[in-house]
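Here's a quick tour of charge pairs and one pocket. Have a look at the structure first, then read on.

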Amino acid sequence: MSEYKAPLVSIVTPCFNGENKIVPFFESVLAQTYENIELIFVNDGSEDKTEDICKEYEEKFNQRDIKFIYVFQCNRGQAAAINNGLKYVRGKYLTWPDSDDLLHPDYLEKKITFLENHPDLNMVISPIRHVTERGEALMVERRKRQKEDNLFCDLINGMNCYYPPGGYLITTEAFFQAYPEKTIIESPVGQNVQMLLPIAYMSRYGYIDDCLYDYVVYEDSHAHRRRTFEQALNKSDMTSDLFLAVMKQMNLDHSDYNRYAKMVEHERYRRHFYYSIQYKKKEYMNESYKLYKQTGSVLPKIWLLHIVRRIKW
């Protein structure tokens, strides 16, 4: 009887200026209990010591029998870095964790074992834990399973889902069926959504209840910096426009596209409404609420919030 060989899993990780954060990530990959791993690390034009650290860890990965593929590119953003990494993917399974987050030691083993035992599924979802850079637990995000579970709609609506990539692991076959050119749109926002949307629409997925991934909240993270009102709206609109572009690439039938496009616009104006309140823009609040109403049903809490703010302002 031939000895069972664990299927190869590809980890694609983009990084820009990660000298202060990639060592814990590398150590979390080295600590994996799973045996057949390739780590495709794309340096997105870092100007610090990221490359030096990668060279230091290359031998450690070799000793652990992890294939380490180091790719350097001029700075073009995370989506472009992921595209560059996808060229090298050979694994049966694919995950794309951020370079400043942490995999629990059994992250790969539990997820791949689950999918190996459920060959009808193409994605597995697990909770993620938010931690400080000192390792203090902040919260756990988990997706609540619904009777009529629809991750595709939830990703559009931003409800009952999370976007850090470590919550998901997918089959490479399903991903390349969705993206036969092995490229996603090179947008400054939404690379994780792009990776997930077609799989959520086309494939079946399952759940593991164990928390297997730490999303590290760094004090200097650009995602947590204060934006102006215009910057917040611009990022929101880029995200909505990206959703529409991805759905066009998916070649949805006409009725499906129209239905989901209306959901995208509804979510666009919901976000606009909340930003107008956050930044105390009364006139824009009324306008965005009007557009929100025109594109779909109004949530009771938003209706009430609109009434209260109109009275107070």
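What follows covers the salt bridges and then a pocket.

## Salt bridges overall

Keep in mind that this is a predicted model. Side chains of opposite charge can pair when their charged atoms come close. Here the count comes to 19 salt bridges. Three of them get a closer look below, each with the burial of its two partners.

## Glu38 and Arg90

Let's start with glutamate 38, which pairs with arginine 90 at 3.3 Å between the closest N and O atoms. Glutamate 38 sits in strand S2 (residues 37-44), while arginine 90 is in the loop between helix H3 (78-86) and strand S4 (93-95), so this bridge ties together parts that are 52 residues apart in sequence.

Which of the two classes, buried or exposed, does each partner fall into? Glutamate 38 has a relative accessible area of 0%, so it is buried. Arginine 90 comes in at 53%, and because the cut-off for exposed is over 50%, arginine 90 counts as exposed.

## Arg129 and Asp214

Next up is a strand-to-strand case: arginine 129 and aspartate 214 meet in a salt bridge, N to O, at 2.7 Å. Arginine 129 belongs to strand S7 (residues 128-132) and aspartate 214 to strand S11 (residues 213-217), so the pair links parts that are 85 residues apart in sequence.

As for burial, aspartate 214 is buried, at 6% relative accessible area. Arginine 129, at 27%, is partly exposed.

## Asp241, Arg268 and their network

Now for two helices. The side chains of aspartate 241 and arginine 268 form a salt bridge with an N to O distance of 2.9 Å. Helix H8 (residues 229-249) holds aspartate 241 and helix H9 (residues 254-278) holds arginine 268, so parts 27 residues apart in sequence are tied together. In this pair the arginine, Arg268, is buried at 9%, and aspartate 241 is partly exposed at 42%.

This pair also has company: Asp237, Asp241, Glu265 and Arg268 are linked in a network of salt bridges.

## The second largest pocket

Helix H9 turns up again here, giving the most to the lining of the second largest pocket, with 3 residues. The volume of this pocket is about 190 Å³.

What lines the second largest pocket? The residues are Asn157, Met159, His266, Glu267, Arg270, Tyr292, Gly296, Ser297 and Leu299. Sorted by class, that lining has 4 polar, 3 nonpolar and 2 charged residues.

Definitions and conventions: Residues are numbered from 1 along each chain as its sequence is written. This is a predicted model: local features need pLDDT of at least 70, side-chain atom pairs count only at pLDDT 80 or more; totals for chains, interfaces and linings use all residues. Side-chain values use heavy atoms; hydrogens and water are left out. A salt bridge is a side-chain nitrogen of Lys or Arg within 4 Å of a carboxyl oxygen of Asp or Glu. Helices (H or I, at least four residues) and strands (E, at least two) are DSSP runs, numbered from the N terminus. Buried means under 20% relative accessible area, exposed over 50%, partly exposed in between (1.4 Å probe, protein chains only). On a 1 Å grid over the protein atoms alone, a cavity is a set of points where a 1.4 Å probe fits but cannot get out, and a pocket is an open set with protein on both sides within 12 Å along at least five of seven lines; lining residues have an atom within 4 Å of a point. Grid points are joined across faces, edges and corners, and a volume is the space filled by probe spheres set on the points. Ala, Val, Leu, Ile, Met, Phe, Trp, Tyr, Cys and Pro count as nonpolar, Asp, Glu, Lys and Arg as charged, and the others, Gly among them, as polar.
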